[in-house]
Amino acid sequence: MRALIVSDIHSNLQALDAVLADAEDAGGYDVVWFLGDLVGYGSDPGACVDRLRALPHVGVAGNHDHAVTGKLNPDLFNGAARAAALWTTQQLSDDAMQYLAALPEVREAGQFTHVHGSLRDPIMEYLISEPAALATFGLMETPFCLVGHSHYPLVWCEEAGGATVELLDPASPLQLQSDRRMIVNPGSVGQPRDGDWRAAYLLYDGEAGGDGGVLVHRRVEYDLAGAQQGILAAGLPESLAIRLGSGH
């Protein structure tokens with residue numbers, strides 16, 4: 001079984017389409033595993049919802065998905081994120097809103113648990129510190145957990161008495177072993193923040209390597225100028241367009 005793992009698409013249709021095309025070129029996939037924040041920030045929320053729903057997929061909710069459906073107060077966001085959430089609410093059809101509202105906060109699929117933030121706080125916690133990672137390891141009932149939210153492509157590995165973290169490397173496939181627990185973040189499709197503006201995602205091959213399969217981290221260029229122009233044309237904050245180019 002092959003899975004395309006994506007997170008934090010953030011209404012960036014140009015980036016999403018580039019990821020889908022790149023994944024097909026890399027051998028294709030049987031299912032999409034979506035880790036939250038389909039909307040927010042970008043200018044094509046409805047089209048991104050439609051694109052994902054047209055594919056075989058399972059997904060979980062992110063904080064921006066909750067904000068546009070009324071499950072989370074957008075006043076908790078910074079100014080640009082709040083403006084984007086309020087604008088997005090006006091753009092989506094009732095059907096799209098119902099889809100986002102129905103996304104669960106946590107899902108299990110075989111050896112994997114899927115969540116946007118963390119198992120301690122599925123919607124809001126950024127899993128970027130050792131205490132946060134250890135808290136999620138303590139709640140995991142599967143060998144592996146897939147998370148989003150931070151927009152950083154990284155892997156936490158449980159060690160005796162602690163946890164270690166590394167950035168994912170496209171040149172080094174990640175071999176999964178069921179006796180070594182890991183938390184993996186694919187990075188962001190629509191708004192990377194690790195200094196690389198290219199869309200980030202993972203491909204999982206359950207038949208490759210050892211008993212847990214293999215995860216391959218990939219980066220792909222997309223129509224950055226088109227995504228930036230869409231943000232500006234929609235009247236969204238200019239900072240959101242600038243941020244796409246900086247990768248921060």
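Q: Which residue in β12 stands opposite Ala-200?
A: The residue that stands opposite Ala-200 is Arg-219 in β12. The model is a predicted one, in which local features need pLDDT of at least 70 and side-chain atom pairs count only at pLDDT 80 or more, while totals for chains, interfaces and linings use all residues. Residues are numbered from 1 along each chain as its sequence is written, and side-chain values use heavy atoms, with hydrogens and water left out.

Q: What makes β11 and β12 a pair of strands?
A: Strands (DSSP runs of E, at least two residues) and helices (runs of H or I, at least four) are numbered from the N terminus, and two strands pair if DSSP finds at least two bridges between them. β11 and β12 share seven bridges in the antiparallel sense, and therefore they count as paired.

Q: How many bridges join β1 to β11, and how many link β1 with β2?
A: Four antiparallel bridges join β1 to β11, and Arg-2 has Asp-205 of β11 as its bridge partner. With strand β2 (residues 31–34), β1 pairs in the parallel sense, again over four bridges, and in β2 the partner of Val-6 is Phe-34.

Q: Why is the pairing in the sheet that holds β1 called mixed, and which are its edge strands?
A: The order of this open sheet of six strands is β3-β2-β1-β11-β12-β9, with mixed pairing, and both senses appear in it, since β1 runs parallel to β2 and antiparallel to β11. The edge strands are β3 (57–59) and β9 (174–175), each of which pairs on one side only.

Q: Why is β11 described as largely enclosed?
A: A residue is buried under 20% relative accessible area, exposed over 50% and partly exposed in between (1.4 Å probe, protein chains only). Six of the seven residues of β11 are buried, so the strand is largely enclosed by the rest of the structure.

Q: What lies across β1, β11 and β12, and at what angle to β11?
A: Helix α1 lies across these strands and runs at about 30 degrees to β11, where angles are taken from 0 to 180 degrees between N-to-C directions, along axes fitted to C-alpha atoms, for helices over the stretch in contact. The buried residues of α1, among them Leu-13, Leu-16 and Leu-20, pack against β1 (2–6), α2 (45–53), β11 (199–205) and β12 (214–220).

Q: How do you know that the span of α1 (residues 13–25) is close to the expected one?
A: The expected span is 1.5 Å times one less than the number of residues. For the 13 residues of α1 the expectation is 18 Å, and the helix reaches 18 Å from its first C-alpha to its last.

Q: Why is Asp-44 called partly exposed?
A: Its relative accessible area is 23%, and therefore Asp-44 falls between the buried and exposed limits. Asp-44 sits in the loop between β2 and α2 and, neighbours within four places in sequence aside, is in contact (heavy atoms within 4.5 Å) with Ser-11, Leu-13 and Gln-14.

Q: Why are His-149 and His-151 called buried, and what is notable about their phi values?
A: His-149 has a relative accessible area of 3% and His-151 one of 2%, so both are under the buried limit. His-149 has a positive phi of about 80 degrees although it is not a glycine, and His-151 likewise has one of about 70 degrees. Most residues other than glycine have a negative phi. Both histidines belong to the loop between β6 and β7.

Q: Why is α7 described as roughly antiparallel to α8?
A: Angles over 145 degrees count as roughly antiparallel, under 35 as roughly parallel, 65 to 115 as roughly perpendicular and the rest as oblique. The axes of α7 (residues 224–233) and α8 (residues 238–246) come within 8 Å and cross at roughly 170 degrees, so α7 is roughly antiparallel to α8.

Q: Which classes of residue make up the contact of α7 with α8?
A: There are seven nonpolar, two polar and one charged residues in the contact. Ala, Val, Leu, Ile, Met, Phe, Trp, Tyr, Cys and Pro count as nonpolar, Asp, Glu, Lys and Arg as charged, and the others, Gly among them, as polar. The residues that meet include Leu-224 and Gln-228 in α7, and Glu-238 and Gly-245 in α8.
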